[in-house]
Amino acid sequence: MTADSAQSLARLAAERVDHRFKGLPPDADGLTVAELAGQRRNLFTGGFATPVLALSAERLEHNLRLMETYAARHGLAFAPHGKTSMAPQLFQRQIEHGAWGITLAVPHQVRVARAFGTRRVFLANELVDAAALRWIAAELDADPEFRFVCYVDSVRAVELMDAALRDASRPVDVVVELAAGEGARTGVRSEAECAAVADAVAGTRTLRLVGVAGYEGEVPKADTERVTAWLRRLVALAADFDKGGRFTGLDEIVVSAGGSAWFDAVAEVFAEIPELSSPVLKLLRSGAYVSHDDGHYRKLTPFNRVPEEGALEPAFRLWTQVVSRPCAEQAFVNAGKRDAAYDLGLPFAQVIRRDGAERPATGVSVTALSDQHAWLATAPEADLEVGDWVGLGLSHPCTSFDKWQLIPVAEADGTVVDYVRTFF
């Protein structure tokens, strides 16, 4: 950790707890985050108010270690996607667990990362905003150790970037983004167009072509065969560019892909990358692993296909309280769309706490969300009363983190040992 990073993270610990932060104990108002963490309050008996989202300390550490080991085993550099958490404390832990840097999606996210000392940023997006480009150029000029790489996918984008960067001292590193297929998201649709974009970059002094990249998660009707075929196109594009002398003079060539659903295919195909004129930075960008989930990514994780390599563990649990039990078939808890991710599936009723005892939420399921309520269907075997705490598992980490500004990190017995600050 750099001195600047340490100082910035220390400022987070000095932030005062108050009404801005959902779920925290009302009697903690005025304490610093560090003071509250030092009290090691219990999530269930320490005055926390429902709804409250918590991260498992043990599962968070497990996931960090697992992906560090996975990337090292497969010879991959790792730049986890920071848009998942937008939590500088987690960025730092990811870097401490071997990450090359942090992937981000928009300029604001880069500003957050830079404010907390992140030295390497991969922007997995096109960037044509002149004000943002000038800010990036100023950051590069001010910090010789700052490494920044972003996508480019059109000649027009090259022209706009060049115009915005005319006064920059250091060129901005770019990778040509290869589209995942016709009708997919961003990216260049054909190899011929990729060459035209690369030629346009070569015609500027403000940009430097350092590699190729893309996102296999956008492959239409994605399956192992289609994803593998696209990844081989990406590798072939890098080889063709290198053969044509487009990477002459580079210390390393960047080849990057990898979301959270197909990183096993990325590892397999990137292992096939031939020797090029410079060493290849095989950059994986998976982000959802840090908390994993109980729904979407639990189904999609590549570890389901390669169980011998380990398994991620869902680290989030949203604790809610039963506030109404209007009939035998129905109950309502006090958390809804403002508190729980719902874009990739409803939450899952997992456990019930009553009088300090915890048991499975047998016969309880979430059927709908209102803004501030979850609708529960209760089967005859469900034992549920007003006042019970119900622990919900969540689907989709990205839209779980973004609803909470300060998230308790709790050990298995409920002891809260830290608080994670997010910046969305």
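How many bridges join strand β7 to strand β8, and in which direction do the two strands run relative to each other? Three bridges join β7, residues 207-213, to β8, residues 253-257, and the two strands run parallel. The model is predicted, and the points below take up its open sheet, three helix pairs, its salt bridges and two features of the backbone.

**The sheet**

- Eight strands make up an open sheet with parallel pairing, and their order across the sheet is β2-β9-β8-β7-β6-β5-β4-β3.
- The edges of this sheet are formed by β2, residues 77-78, and by β3, residues 102-104, each of which pairs on one side only.
- Within the sheet, β7 and β8 are joined by three bridges, and Gly211 stands opposite Val254 of β8.
- As general background, the strands of a sheet pair through backbone hydrogen bonds, and the pairing can be either parallel or antiparallel.

**Helix α9 with α8**

- Helix α8, spanning residues 191-202, and helix α9, spanning residues 224-243, have axes that come within 11 Å and cross at roughly 45°, which makes α8 oblique to α9.
- The crossing of α8 and α9 is right-handed, and the contact is made by Glu191, Cys194, Ala195 and Ala198 on the side of α8, together with Arg233, Leu237 and Phe241 on the side of α9.
- Sorted by class, the residues in the contact of α8 with α9 are five nonpolar and two charged, with no polar residue among them.

**Helix α9 with α10**

- The axes of α9 and of helix α10, which covers residues 263-270, come within 10 Å and cross at roughly 45°, and the two helices are therefore oblique to each other.
- α9 passes α10 in a right-handed crossing, in which α9 contributes Val227, Thr228, Leu231, Arg232, Leu234 and Val235 to the contact, while α10 contributes Ala265, Val266, Val269 and Phe270.
- The contact of α9 with α10 comprises eight nonpolar residues, one polar residue and one charged residue.

**Helix α1 with α4**

- α1 packs against helix α4, residues 88-96, at an angle of about 140°, and the axes of these helices are 10 Å apart.
- Angles over 145 degrees would count as roughly antiparallel, whereas α1 and α4 are oblique to each other.
- The crossing of α1 past α4 is left-handed, and the residues that make the contact are Ser5, Leu9 and Leu12 of α1 with Pro88, Gln89 and Gln92 of α4.
- In the contact of α1 with α4 there are three nonpolar and three polar residues, and no charged ones.

**Salt bridges**

- The structure holds 32 salt bridges, one of which brings together the side chains of Arg421 and Glu15, with a distance of 3.0 Å from N to O.
- This pair links distant parts of the chain, since Arg421 belongs to strand β18, residues 416-421, while Glu15 lies in the loop between α1, residues 3-13, and α2, residues 33-39, and the two residues are 406 residues apart.
- In general terms, side chains of opposite charge can pair when their charged atoms come close.

**Backbone features between α2 and β1**

- The peptide bond that leads from Thr50 to Pro51 is cis, with an omega near -5°, and Pro51 lies in the loop between α2 and β1, the latter being residues 52-56.
- Arg40 has a positive phi of about 50° although this residue is not a glycine, and Arg40 is likewise placed in the loop between α2 and β1.

Definitions and conventions
Residues numbered from 1 in each chain as written. Predicted model: local features only at pLDDT ≥ 70, side-chain atom pairs only at ≥ 80, totals over all residues. Heavy atoms only, no water. Axes fitted to C-alpha atoms, helices over the stretch in contact; angles between N-to-C directions. Helix = DSSP H or I, 4+ residues; strand = E, 2+ residues; numbered from the N terminus. Parallel < 35°, antiparallel > 145°, perpendicular 65-115°, else oblique. Left-handed = near helix turned anticlockwise from the far one by under 90°. Contact = heavy atoms within 4.5 Å. Nonpolar A, V, L, I, M, F, W, Y, C, P; charged D, E, K, R; others polar. Pairing = 2+ DSSP bridges. Salt bridge = Lys/Arg side-chain N within 4 Å of Asp/Glu carboxyl O.
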